[in-house]
Amino acid sequence: MSRGFTKDKTLSSIFNIEMVKDKTAEEIKQEKKFDLIWNRAQSCPTFLCALPRREGYEFFVGQWSGTELHFTALINIQTRGEAAASQLILYHYPELKEEKGIVLMTAEMDSTFLNVAEAQCIANQVQLFYATERKETYGLVETFNFRPNEFKYMSVIAELEQSGLGAELKCAQNQDKT
């Protein structure tokens, strides 16, 4: 991996697991959507997220590799192909899932491409598209994976705008212009 991303990062390398061994899941702040996301990721391991920019949107392709979710700008994939490097990696740690009912997540990003708010926007879209109860929303993921010729990029933007996830980011970018 290039740009200093950590390979095979373990939960214990970034988090003191002993601190939470005696706590309940509620005390740790649990997220129960991981099972749904994980099950759907097995059949649909790739998807596209839209990141608001000053002038429109930039698309990032997410690709699951085990419990890691790698994101790369679509333009980089189109120009560099297999050599395109990840710009954001979300690491999921299911080690406490059985005992505490939680899955922890951390991320690494290439700060020459993304800032923290942008990375958060992309991470939130994983839940938006993979953990939704709306068939139409998850249907976009299925279409992208199984019927790519029917996939409409604007549908991703419409879902993002309807959810309001990118609104703060767009607002902050517009304030930076002035």
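Begin by selecting Leu36, Ile37, Arg40 and Ala41 in helix H2 together with Val126, Gln127, Phe129 and Tyr130 in helix H5, because these are the residues through which H2 and H5 meet, heavy atoms within 4.5 Å counting as contact. The model on the screen is a predicted one, and the tour starts from this contact before moving to its surroundings. Sorted by class, the contact of H2 with H5 has six nonpolar residues, one polar residue and one charged residue.

Now show H2 and H5 as whole helices and look at how they cross: they pack at an angle of about 80 degrees, with their axes 9 Å apart. Since angles from 65 to 115 degrees count as roughly perpendicular, H2 is roughly perpendicular to H5.

**The whole chain**

Step back and colour the view by secondary structure. The protein chain holds eight helices and five strands, and when it is read along the sequence these follow the pattern α-α-β-β-β-α-β-α-β-α-α-α-α. Of its 178 residues, 43% count as buried. If you switch on a surface, the accessible area of the protein chain comes to about 10200 Å², and 50% of that belongs to carbon and sulfur atoms. Among contacts between residues at least 6 apart in sequence, 58% join residues at least 24 apart.

**The nonpolar core**

Next, hide the surface and turn to the interior, where the largest nonpolar core has 36 residues. Select Phe47, Phe71, Ile122, Val126 and Tyr130, which are the residues with the most contacts inside this core. The elements that give two or more residues to this core include helix H2 (34–43), strand S1 (46–53), strand S2 (56–65), strand S3 (68–73), strand S4 (88–93) and helix H5 (116–130), and also helix H6 (135–146) and helix H7 (153–163). Which of these elements gives the largest share of the core? That share, eight residues, comes from H5.

Keep phenylalanine 71 selected and display what surrounds it. Leaving out residues up to four places away in sequence, Phe71 touches Cys49, Phe60, Val61, Gly62, Ser86, Gln87, Leu88 and Leu90, as well as Ile122 and Val126.

**H5 and its other partners**

Return to H5 and add H6 to the view. Here Leu128, Phe129 and Tyr130 in H5 meet Thr137, Tyr138, Leu140 and Val141 in H6, and the residues of this contact divide into six nonpolar, one polar and no charged. The two helices pack at an angle of about 105 degrees, with their axes 7 Å apart, and H5 and H6 are therefore roughly perpendicular to each other.

Then replace H6 with H7, whose axis comes within 11 Å of the axis of H5 and crosses it at roughly 100 degrees. That makes H5 roughly perpendicular to H7. To see where they touch, select Gln125, Leu128 and Phe129 in H5, which meet Val156, Glu159, Leu160 and Ser163 in H7. The residues of this contact divide into four nonpolar, two polar and one charged.

**Three single residues**

The last stops are individual positions. Start with threonine 143, which has its place in helix H6. Is threonine 143 buried or exposed? With a relative accessible area of 11%, threonine 143 is buried, because buried means under 20%. Apart from residues up to four places away in sequence, threonine 143 touches Pro148, Glu150 and Phe151.

Move on to leucine 74, which is found in helix H3 and is likewise buried, with a relative accessible area of 15%. Leaving aside neighbours within four places in sequence, leucine 74 is in contact with Leu48, Phe59, Phe60, Val61 and Tyr153. If you draw a distance line from leucine 74 to glycine 62, 12 residues apart along the chain, their C-alpha atoms are separated by 9.5 Å.

Finish at alanine 85, which lies in the loop between helix H3 (74–80) and S4. At 22% relative accessibility, alanine 85 counts as partly exposed, since that class lies between the 20% limit for buried and the 50% limit for exposed. A distance line from alanine 85 to alanine 73, 12 residues apart along the chain, shows their C-alpha atoms separated by 8.9 Å.

Conventions
Residues numbered from 1 in each chain as written. Predicted model: local features only at pLDDT ≥ 70, side-chain atom pairs only at ≥ 80, totals over all residues. Heavy atoms only, no water. Core = buried A, V, L, I, M, F, W, Y, C linked by side-chain atoms within 4.5 Å. Buried < 20%, exposed > 50% of the residue type's maximum accessible area, 1.4 Å probe, protein only. Helix = DSSP H or I, 4+ residues; strand = E, 2+ residues; numbered from the N terminus. Areas by Shrake-Rupley, 256 points an atom, 1.4 Å probe, with all protein chains shown as cover. Axes fitted to C-alpha atoms, helices over the stretch in contact; angles between N-to-C directions. Parallel < 35°, antiparallel > 145°, perpendicular 65-115°, else oblique. Nonpolar A, V, L, I, M, F, W, Y, C, P; charged D, E, K, R; others polar.
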